[in-house]
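This briefing looks at how two protein chains meet, going from the extent of the contact to its chemistry and then to its symmetry.

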There are 2 protein chains.
Amino acid sequence: MEKARIIFQPSGRRGEVKKGITIIEASRELGVDIETLCGEKKVCGKCKVHIEEGFFEKFGIRSTRENVSPWQEEEEKFINEAEKEKGNRLGCCARIQGDLLIFVPEESRAGKQVVSKAARDIHIEHNPAVKLYYIEVNPPSFEEPTGDFERICGELYKQYGLQNLTIDFFTLRELPNTLRKGHWKITVSVWMDKEIIRIRSGKVEDHFGIAIDIGTTTVAGYLCNLRTMEVIDTQSLMNPQCKYGEDVMSRITYHMMNPDGLKNMSSDIVEGLNTIIQEAVKSTHPPKKRVKKKDEGEGTEQEWIEVPEEGKGYLRLEVEDIEDITIVCNTAMHHILLQLDPEHVGLAPFPPVIHHGLDIKSRDLGLKVNKGTYVHVLPNEAGFVGADNVGVLIAEEPYKSDEIQLIIDIGTNGELVLGNKDKLISSSCATGPALEGAQLTYGMRAAPGAIERIKIDLDTHDVDYKVIGRDAWKSYSKPEEMKTKGICGSGILDLFAELYRAGVVLKSGRFNPEHRSKRYQKSGANNQPEFVIAWAEETSIGKDIVITQKDIRQIQLAKGALYCGCKLMMRRMDVKTLDKVKIAGAFGTHVDREKALVMGLFPDCEIEKIISVGNAAGDGARAALLNREKREEANWVSRNVEYIELTVEKDFQEEFAKAMQIPHMKDQFPHLKGIVSDEILNQ
Amino acid sequence: MEKARIIFQPSGRRGEVKKGITIIEASRELGVDIETLCGEKKVCGKCKVHIEEGFFEKFGIRSTRENVSPWQEEEEKFINEAEKEKGNRLGCCARIQGDLLIFVPEESRAGKQVVSKAARDIHIEHNPAVKLYYIEVNPPSFEEPTGDFERICGELYKQYGLQNLTIDFFTLRELPNTLRKGHWKITVSVWMDKEIIRIRSGKVEDHFGIAIDIGTTTVAGYLCNLRTMEVIDTQSLMNPQCKYGEDVMSRITYHMMNPDGLKNMSSDIVEGLNTIIQEAVKSTHPPKKRVKKKDEGEGTEQEWIEVPEEGKGYLRLEVEDIEDITIVCNTAMHHILLQLDPEHVGLAPFPPVIHHGLDIKSRDLGLKVNKGTYVHVLPNEAGFVGADNVGVLIAEEPYKSDEIQLIIDIGTNGELVLGNKDKLISSSCATGPALEGAQLTYGMRAAPGAIERIKIDLDTHDVDYKVIGRDAWKSYSKPEEMKTKGICGSGILDLFAELYRAGVVLKSGRFNPEHRSKRYQKSGANNQPEFVIAWAEETSIGKDIVITQKDIRQIQLAKGALYCGCKLMMRRMDVKTLDKVKIAGAFGTHVDREKALVMGLFPDCEIEKIISVGNAAGDGARAALLNREKREEANWVSRNVEYIELTVEKDFQEEFAKAMQIPHMKDQFPHLKGIVSDEILNQ
């Protein structure tokens, strides 16, 4: 029977399937959820996918549209000519005839990712970069025929002391008619007390901005009221660049291999940001309801139309209402967004094109908001410690603290900051995406069906677990109710710590050869050892979900990189103990502090002093949006944190090898006493 | 025989022609010169014209492409599909079948206009807004992995003391590769010591800018070396907006009548500016010559190809080499260029949208130059005294003088400034285009064939004259050698003064009924009196060239407006005598000072103190290009010249009526004594 190699993006799930089955069937086999409301009857059009074309070196496959069955009539209804040209198909119609790389767009994904990028309630001083000023001016007369611009500047000076104002060229175009429409009463939006970027007729009190956090994998946007500082809406989506590679380096490689690579990736993320902005704005509109269209005369057939529901309290914003934007992201995402050559960021000594924060007109970047709006992109610290880390710093302000803090931001890359008000150093470590669930045999994103919590009985070695989207743990459920699909980041951390605590895995990371349980088995061509977490009957994929020796190595590499990084930084700063460990990012939100300590993710610290600070990068973007002084602070901190390139530190290799152990010598982890048995600790 | 009404633009020549003749034949009849190298054999393609579509209210005609004969095969060779779509035809192929408004593009005009916008040799301090800085930086290392931007900023501070620099977003994109290509040696272009707008590899010494003067009728550009201040090339073309109306008010009306009017007019002038820039840049390339292509093997036919001539000393600039642009123009042209609603500038009390000078990114305006380049548009004084007048002022600097100066800039509109270092007032007067040769029966632009000088014998009343393009006066030529076509501005002034001096025309402007000469005749339906300047045999149009009573009225209105304006301004300033009269613009270059005084164009002044200052507006643009302090000076002067709206002055009507006389009472013109006979003066 002929097989084809299939890769689904952005999940990265891959495998071989029988030729002739539909894309939906293949997705089910490989554990990818695609929306199919109609049950593959070809009538709902929800299972739209995109066939990527080209040779994908990383996977060793050539994907082409010829590798799917011909176009079907049923698809016409849902896929227009332009989309068809681009290679879109319905998953229920298209049958696999060869190797394929299939991209599942956000809207076709059934179990949408649980994005833990909610805005935290942090204290921010109110001092937005854009402020509103209401003025009334006299109309021109023969005695005083001064121009419109000078007329409003005069009043802005008289009433508010604003001087030497300029005006955005496109805003100037709106001025004469807005002024007359408002009967010489207008509200002016001024950026940084320098430039008029918007003019509206009459008195307006509220104005809005959006803070954006571009992660390698996820993009989040926080729509804020610039007056009340309230977060009105949060939007997130997968970084559309995932199709060019999951990590930073593979995107940089894509740029180096393709003349238009940088431009393509930039347009994709810009389009993504526009989507976030549009969706955020749309959230302020009343929902639409279907009503019968009124008869418009004899013989007119009654039709259903959609109208917005009545109701006050809706802001009904439009994209033109976005008057300010701040962006944080890592240095590579920063460079790709702005179309700055990212090649050198990827090559030692990793210099970025620019550190400084940038103010760019939204129109120059292609963002569809008010034409005069500036985008403020926060500064980069170094090639591998970007504006996202600066965002974390201005949100957490370790430079105002006496305590020695270690701040860990684990995304696809690990970024570390250590220090206090006297000195701060930063570094990055190549954790890779293993801690987030990628690259493991059954690893997956934090989406419904993912195992997020695991307990292993120390005596029986039986496994209990909980999946996202189901409240009851396995021990309280029937096996067929679990519908498990894989393990996400927090589950992996639990698993790793529990396997060690139960003695299934040794300090070295190897499976304990003395351990015997029905969950321990060998499989595959090389007869590799693996441990069963969920039996086939508990899953929706019909296969045992296991963790292999290779998976454990992957996790060890990741945690080793992180631990080693922290350790070398402490040595550099001559710091013996940590007063506080702050874990930022989605990872921090889900991590079990105790488990993190057990597996030796970072040096020892009192458990109560390990804190999750949520999406602190996004909080930093929001702080810079609502308080312009935070932008100055960001520029300052980005130039005053000393970046340490760990890989050139003395003993790096040796320290890294040591750090892969689980965890370390017990004397290095006094706070593990009582959590892990002495027997295990003394291995 | 059926007739069609034809208007040729931009010359404005119009009349009725027989249906069925070609456009070239019609152009000859109406005195419009269209290039026909091949003698209408349909093989040179030089006579390309554009058929405008629409109803032209001003002329009362509807012009449509159906009013010309069908497309001919011969046209295919010269007019591509896109041009055809736009309504382009060859004048030798297209036959007239109905009313037409035909636009003759610059390149098809046989006798190109003599544009007197040459740059004068004025003193300008060297302090351009854009300056070059050469630096060498160390490549990044692990010890110093600072970003590219900060690396060059550090060096620019160390060597040149430049601080707080920003960088244009698009320039930043060029930075990493330019820096590496130049082996860390680069030349940086910095705008106003604030923003890096260009980066080039290695050491570069020269950089370039262009100063532009947008007149209602003519646009001129001066390509300058920003280091040596040398004018490298001067380019000019007709303002492409002429097709929307010849004067400012008709273009404002076009905007008010057409939703896309403003956008269309703006795109047209932007395209015009791009043409000027491209042509100016092209002038720095070596000319091309035809050479035989080298044989490339057996059987290859030898072909001719064009290659640039060898030779050093050519700058070979590209549009990307334009690093700064300054623009002067009147307020209406300013608003139309920038797409600022010009409606209010045309309505009392005529407030402009903005006075202040503007710095706009060339890309936002659609100018194709270096992407980081700023366009500096000089400030407006008032609705009818624009940035062009500010240009005149910063070139002439009356605010630094003790003498009371009257500065007159006569374009399609008249702009006046009066005063000295203590006070300056400005005003505008509706001279209309009569003084430039438009609107008169045989008026024409200063192009080959135009009468530019006239003498009338006081006894015989015989007329002697000189035409542009021929050195010999009529009295030294055979009649058929003259090939006269019409009268241009300077000729009209001569004519008017001479008719008065000879007693043919009375002080009131009426033909002297006692005057009898064979040149005095009556014609037309109303038996109107007219004076023959050139007999049909001396012309290329086969008709007597005459001046009619109506023509004289037009000139009187224009000169009356100007004189009355000057007079009222003197009254307002309580000035009795003028120390100096400066005449700016092409008009000033050609005007005979004595004749101007005879006709009473402006109040009395010692003849030696009447000075032509050439295209002072353009000089001002150049001054602002080469010396940034002139921009500050311009902003200051634009706000400190008091604008007087003459039409609301006391006695305006009365003064205007008086001013239409030729000239005024002799006691008001002591300097005319000896130039005009007492008999005439004492009429």
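How much area do chain A and chain B bury between them? In this predicted model, chain A and chain B bury about 3500 Å² between them, with 66% of that area on carbon and sulfur atoms. Of the area that chain A buries against chain B, F142(A), F169(A) and R173(A) supply 18%, more than any other three residues.

**Polar and charged contacts**
- Between chain A and chain B, 20 residue pairs are in polar contact, where both residues of a pair have pLDDT 80 or more.
- The rule finds 2 salt bridges across the interface of chain A and chain B, and one of them joins the side chains of D364(A) and R363(B) at 2.8 Å, N to O.

**Make-up of the interface**
- The contact draws 40 residues from chain A and 40 residues from chain B.
- On the side of chain A that touches chain B, the elements giving two or more residues are α3 (148-160), α4 (169-181), β18 (358-361) and α8 (362-365) of chain A, and among these α4(A) gives the most, with 8 residues.
- The residues on that side of chain A divide into 23 nonpolar, 8 polar and 9 charged.

**Symmetry**
- A turn of 180° with a shift of 0.0 Å along the axis lays chain A on chain B with an RMSD of 0.1 Å, which is the relation of a two-fold axis.
- D364(A) is the residue of chain A that comes closest to the rotation axis, its C-alpha lying at 4.5 Å.
- Because 100% of the interface residues of chain A are also interface residues in chain B, the copies meet through the same surface.

Conventions
Residues are numbered from 1 along each chain as its sequence is written. Chains are lettered from A and ligands numbered from 1 in the order in which they are written. This is a predicted model: local features need pLDDT of at least 70, side-chain atom pairs count only at pLDDT 80 or more; totals for chains, interfaces and linings use all residues. Side-chain values use heavy atoms; hydrogens and water are left out. Contact means heavy atoms within 4.5 Å. Buried area is the accessible area (1.4 Å probe) that two parts lose on being put together, summed over both. A salt bridge is a side-chain nitrogen of Lys or Arg within 4 Å of a carboxyl oxygen of Asp or Glu. A polar contact is a pair of N or O atoms within 3.5 Å; within protein, one must be able to donate a hydrogen and the other to accept it, and residues adjacent in sequence count only if both atoms are side-chain atoms. Helices (H or I, at least four residues) and strands (E, at least two) are DSSP runs, numbered from the N terminus. Ala, Val, Leu, Ile, Met, Phe, Trp, Tyr, Cys and Pro count as nonpolar, Asp, Glu, Lys and Arg as charged, and the others, Gly among them, as polar. Copies are superposed by least squares on the C-alpha atoms of residues with pLDDT of at least 70 in both.
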